[in-house]
Amino acid sequence: MEGKGFTEEQEALVVKSWNEMKKNSQELGLKFFKKILEIAPAAQQLFSFLKDSTVPLEENPKLKPHAMAVFVMTCESAVQLRKAGKVTVRESNLKRLGATHFKAGVAAEHFEVTKLALLETIKEAVPEMWSPAMKNAWEEAHDQLAEAIKSEMKPSD
Ligand code: HEM
């Protein structure tokens, strides 16, 4: 949020937990995705690679990249918030992200689902680090990124 500021401590909480979690990124990605589908089973239909897929979720090679994209970009968002006070994803990337999600039929509610799944996954992955402050830092980094993507979710020109 403008003026509210994202502190060095908040950035450190996000970066520290991500550094720990990414050692186990395969399992993390799968867990994250399963949580999204637990909360919102219908979201499965949005992912082209799941609609056509005949392999079990566990073996789908395309699952991990999206999970990693959400984690990595949220982490980068935290760094940007601390440095610049706002999300600074390159405009061309943001436009592409907006267009991809718009075309895939992603709705604002899906971002809430993903956020819940993200926070739950982190809580379970690094229970020894988890704290209200850590939750708040990830939440803020996620929300600002999600807002930036949502603002570009319109038909591409
Ligand atoms: C902070 C939140 C999110 C981030 C950073 C993110 C990131 C990405 C990235 C990097 C791609 C690859 C395509 C591209 O670069 O344009 C992508 C595709 C996609 N994302 Fe997300 N995403 C987010 C939230 C969501 C949510 C909430 C949903 C719906 C549950 C979703 C569903 C999809 C789908 C369906 C695709 C296309 C995949 C396919 O069918 O091939 N994303 N996302």
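Five helices each supply at least two residues of the shell around the ligand: α3 (48-51), α4 (63-84), α5 (91-104), α6 (108-125) and α7 (132-151). This is a predicted model.

**The ligand shell**

Helix α5 gives the largest share of that shell, with five residues. In total, 19 residues surround the ligand. The closest are S48, H66, R96, T100 and H101. By class, the shell divides into twelve nonpolar residues, six polar ones and one charged. The ligand takes up the space of the largest pocket.

Which side chains place polar atoms by the oxygen or nitrogen atoms of the ligand? S48, T100 and H101 do, at the distances in the table.

| Side chain | Ligand atom | Distance |
|---|---|---|
| S48, polar atom | oxygen | 2.6 Å |
| T100, polar atom | oxygen | 2.6 Å |
| H101, N or O atom | nitrogen | 2.8 Å |

S48, T100 and H101 are also among the closest residues to the ligand.

Two of the closest residues can be placed on a helix directly. R96 is found in α5. H101 lies in α5 as well. Is H101 buried or exposed? H101 counts as buried, because its relative accessibility is 15% and the limit for buried is under 20%.

**What the record lists**

UniProt lists S48, K62, H66, R96, T100 and H101 under "binding site". From this set, S48, H66, R96, T100 and H101 take part in the lining of the largest pocket. The ligand occupies the space of that pocket in the model.

A second UniProt entry reads "short sequence motif: Homodimerization" and lists residues 38-42 and 108-120. The span 108-120 is 100% helix and 0% strand. Its end C-alpha atoms lie 19 Å apart. Helix α6 covers 108-125 and supplies at least two residues of the ligand shell.

**The N24 and E27 pair**

Next comes a side-chain pair at the start of the chain's second helix. N24 sits in the loop between α1 (8-21) and α2 (25-39). E27 lies in helix α2. The two side chains make a polar contact at 3.2 Å. How exposed are they? N24 has a relative accessible area of 43%, so it is partly exposed. E27 counts as partly exposed too, because its relative accessibility is 46%. Both values fall between the limits, under 20% for buried and over 50% for exposed.

Each residue of the pair also has a C-alpha separation to a residue far along the sequence. N24 and A125 are 101 residues apart along the chain, yet their C-alpha atoms are separated by 9.0 Å. For E27 and A107, 80 residues apart in sequence, the C-alpha separation is 26 Å.

**Residues on α4 and α7**

Two more residues sit on helices that contribute to the shell. M68 lies in α4. A133 has its place in α7. Which is buried and which is partly exposed? M68 is buried, because its relative accessible area is 14% and buried means under 20%. A133 is partly exposed, because its relative accessible area is 36%.

Spacing can be given for both. The C-alpha atoms of M68 and A12 are separated by 19 Å, with the two positions 56 residues apart along the chain. A133 and V70 stand 63 residues apart along the chain, and their C-alpha atoms are separated by 20 Å.

**In brief**

The ligand fills the space of the largest pocket. Its shell draws on α3, α4, α5, α6 and α7, each with at least two residues, and α5 gives the largest share. S48 and T100 each bring a polar side-chain atom to 2.6 Å from a ligand oxygen. H101 has a side-chain N or O atom 2.8 Å from a ligand nitrogen. These three residues also appear in the UniProt "binding site" list.

Terms used:
Residues are numbered from 1 along each chain as its sequence is written. This is a predicted model: local features need pLDDT of at least 70, side-chain atom pairs count only at pLDDT 80 or more; totals for chains, interfaces and linings use all residues. Side-chain values use heavy atoms; hydrogens and water are left out. A residue is near a molecule or strand if one of its heavy atoms lies within 4 Å of it. A polar contact is a pair of N or O atoms within 3.5 Å; within protein, one must be able to donate a hydrogen and the other to accept it, and residues adjacent in sequence count only if both atoms are side-chain atoms. On a 1 Å grid over the protein atoms alone, a cavity is a set of points where a 1.4 Å probe fits but cannot get out, and a pocket is an open set with protein on both sides within 12 Å along at least five of seven lines; lining residues have an atom within 4 Å of a point. A molecule sits in a cavity or pocket if more than half of its atoms lie within 2 Å of its grid points. Helices (H or I, at least four residues) and strands (E, at least two) are DSSP runs, numbered from the N terminus. Ala, Val, Leu, Ile, Met, Phe, Trp, Tyr, Cys and Pro count as nonpolar, Asp, Glu, Lys and Arg as charged, and the others, Gly among them, as polar. Buried means under 20% relative accessible area, exposed over 50%, partly exposed in between (1.4 Å probe, protein chains only). UniProt positions are given in the numbering used here, feature names are shortened, and annotations may be inferred rather than shown by experiment.
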